[in-house]
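Me: I am new to this structure and should like to learn how its features are read. Please take me through them one at a time.

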Amino acid sequence: MCNSETNNKCHNSDRNFRIEDNILIGKELSLPKIPVNVAEEALKILKSKPDFIGQVDALTGEMQTFADMSERSIKCALWLKKQGVKPGDIIGLCTDNNLDAFLILLGIMYIGATCNTWDHKLSPLTARYFLELTSPKIVFTINSSAASLRQAAKELKMNLKVVVLDKLDGYESLNEDVLRGHNTREIVEFKCFTTKPDDVALIVPSSGTTGLPKGTKITHYSLHCCMHPDKIRDLQGHIFIIVPTLRWNYGVLMGFRVIGVHAKKIIVPDNDDVEGFLQFIEKYHVSWFSTDPFILINLIKSELLEKYRLPSLKIILSTGAHLKKEYLEVLQEKLPHVFVNNTYGSTDTSCVCSAPTRFTKLGSVGYVSSNVRIKIVDLKTEETLGPNKTGELRVKAITMMQGYHNNPEATKQSFDSDGWLHTGDVAYYDDDGEIFLVDRISDFINFRSINVSPGEIEAVLTTHPAVLLAAVIGIPHEVDEQHPMAVVVLLPDKSVTEEELINLVEKNLPDYCRLRGGVKFVEQLPRTTTGKIARKQLREIYAK
């Protein structure tokens, strides 16, 4: 066991990290900065095993071999070059999960252009924001978002080409325009552009929990680091369902990693049909299921695990937000053969910062990952804290973002004076070096100078059998600063009164946690596109 109560050096060979001066230091892999196009690495893998079935559409059963994926992605690259796209140009990709989504991303990166992924459900307002932020030359999108993009481009007086992935009158189509008209020779002789390590491969939106998303710039070197054999070894031999779209940096990383281990991905529709996911897991013998916590909470509360035993499933990876300990306990009980992996990472670090093993404590996010450093900092004094002391979690990693696109001020504010990333997450690590998340700094409720944790109150509320989801926010009060208020979603055909939930909190938590702001019942909670509860939006709704 690694004991860090003193500031002496300590090392734990089993867990591949050490603690020095209260800093958690992951195993240090050798990853030199060499000119490498990460998409070209993926293309070489696709070409090395042409007959392997790499993707299957869950609904239709349509399959694509690595050869199909290679050819379609090269055709995208050739078409982009014919449109005059050059290295460094930004190309937008606003799409749900489908067979061509990742192939378009590869084609963009093959030629040294930057792929800017975005939310596929675009209103005219968000489309305008997206276009103003990154000024893409071309945008690939699904039919339902095409009109919003065209309208926004017209308002901004942008000469924008919008390409739909299906077919839509008045728009160029992926199948009928982009993938046609290329001869066999130019496909066979196609060569990727050689990028520099710090060239930007990807602009992916931040989570948007504090406002409109920022454009996070991820380099080829960063993505290449995440393909290191040590990073992908555990993925070998699996069949995957990955619910997050390419709008998530996690969705992009997993796209590369699944190809890197010659694995099969089952492409699922974009919805919250929990039972549908379970049916696909059973039908396609899926062994790895990556999703956000809210789908897993739905799964637990709906009692579907009494009906589906999921014998093929080996790993559930919860991503996008923290899955609380009480839900992990239920999953462990209902699916004892499945390892529920509650990792911790962020868009800005572009990596998994910490991950549990099968032997870590339930509720922790595990140990610091390789090539990552983590420290816990006192919220007032900036002192680096030792074990079992709560503060802000800060990170250093070799995969760190290059910054926010066209936003140097936000980039500067994201780092402290020593170059550590402000995550905004409140956490602690224990004597064994295991990391536990507590809450978000921005979510704290200020009640009579006391910082009240919404997560603590939510954990109690969700123990009630009628409650599916709960979000606790602070509403203004002229004397007490803020009062905690709960916004609650109930399970179908279940009921509970406001008074019952207020009493439940009073019986289980200190007085400062009391729901003095009351309880509001809603049909659904607003969520960011990375699956987190949109608390800022809730505060705006209920501030009065």
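Me: Which residues of helix 13 are buried?

Reply: Buried means under 20% relative accessible area, exposed over 50%, and partly exposed in between, with a 1.4 Å probe and protein chains only. Helices (H or I, at least four residues) and strands (E, at least two) are DSSP runs numbered from the N terminus. In helix 13 (residues 325–334), the buried residues are Tyr327, Leu328 and Leu331. Because they cover an arc of only 100° around the axis, they lie on the same side of helix 13; the arc is that of the directions from the helix axis to the C-beta atoms. The buried residues of helix 13 pack against helix 12 (293–301), strand 17 (339–342) and strand 28 (467–477), where contact means heavy atoms within 4.5 Å.

Me: On what kind of model do such statements rest?

Reply: This is a predicted model, in which local features need pLDDT of at least 70 and side-chain atom pairs count only at pLDDT 80 or more, while totals for chains, interfaces and linings use all residues. Residues are numbered from 1 along each chain as its sequence is written, and side-chain values use heavy atoms, with hydrogens and water left out.

Me: Into which domains is the chain divided?

Reply: Domain bounds come from an automatic or database domain assignment. Here they give domain 1 (12–32 + 225–440), domain 2 (38–194) and domain 3 (445–543). The centres of domain 1 and domain 2, taken over C-alpha atoms, are separated by 28 Å. Between these two, 26 residues of domain 1 are in contact with 37 residues of domain 2.

Me: Which residues touch the most other members of the largest nonpolar core?

Reply: A nonpolar core is a set of buried Ala, Val, Leu, Ile, Met, Phe, Trp, Tyr and Cys residues joined through side-chain atoms within 4.5 Å. The largest one has 75 residues, of which Leu105, Leu106, Met109, Tyr110, Phe140 and Phe256 touch the most other members. Helix 3 (residues 101–110) supplies the largest share of this core, nine residues. At least three residues come from each of domain 1 and domain 2. A second, separate core of 45 residues includes Phe294, Leu296, Ile297 and Leu323.

Me: How do helix 1 and helix 10 cross?

Reply: Axes are lines fitted to C-alpha atoms, for helices over the stretch in contact, and angles run from 0 to 180 degrees between N-to-C directions. The axes of helix 1 (residues 38–48) and helix 10 (residues 249–260) come within 9 Å and cross at roughly 35°. The contact is made by Val38, Ala39, Ala42, Ile45 and Leu46 of helix 1, together with Phe256, Ile259 and Gly260 of helix 10.

Me: What is notable about the phi of asparagine 22 and aspartate 493?

Reply: Most residues other than glycine have a negative phi. Asparagine 22, however, has a phi near 65°, a positive value, and the phi of aspartate 493 is also positive, near 65°. Asparagine 22 is found in the loop between strand 2 (17–20) and strand 3 (23–26), and aspartate 493 in the loop between strand 29 (481–490) and helix 16 (498–508).

Me: Is each of these residues buried or exposed?

Reply: Asparagine 22 is buried, because its relative accessible area is 10%. Aspartate 493, at 86% relative accessibility, counts as exposed.
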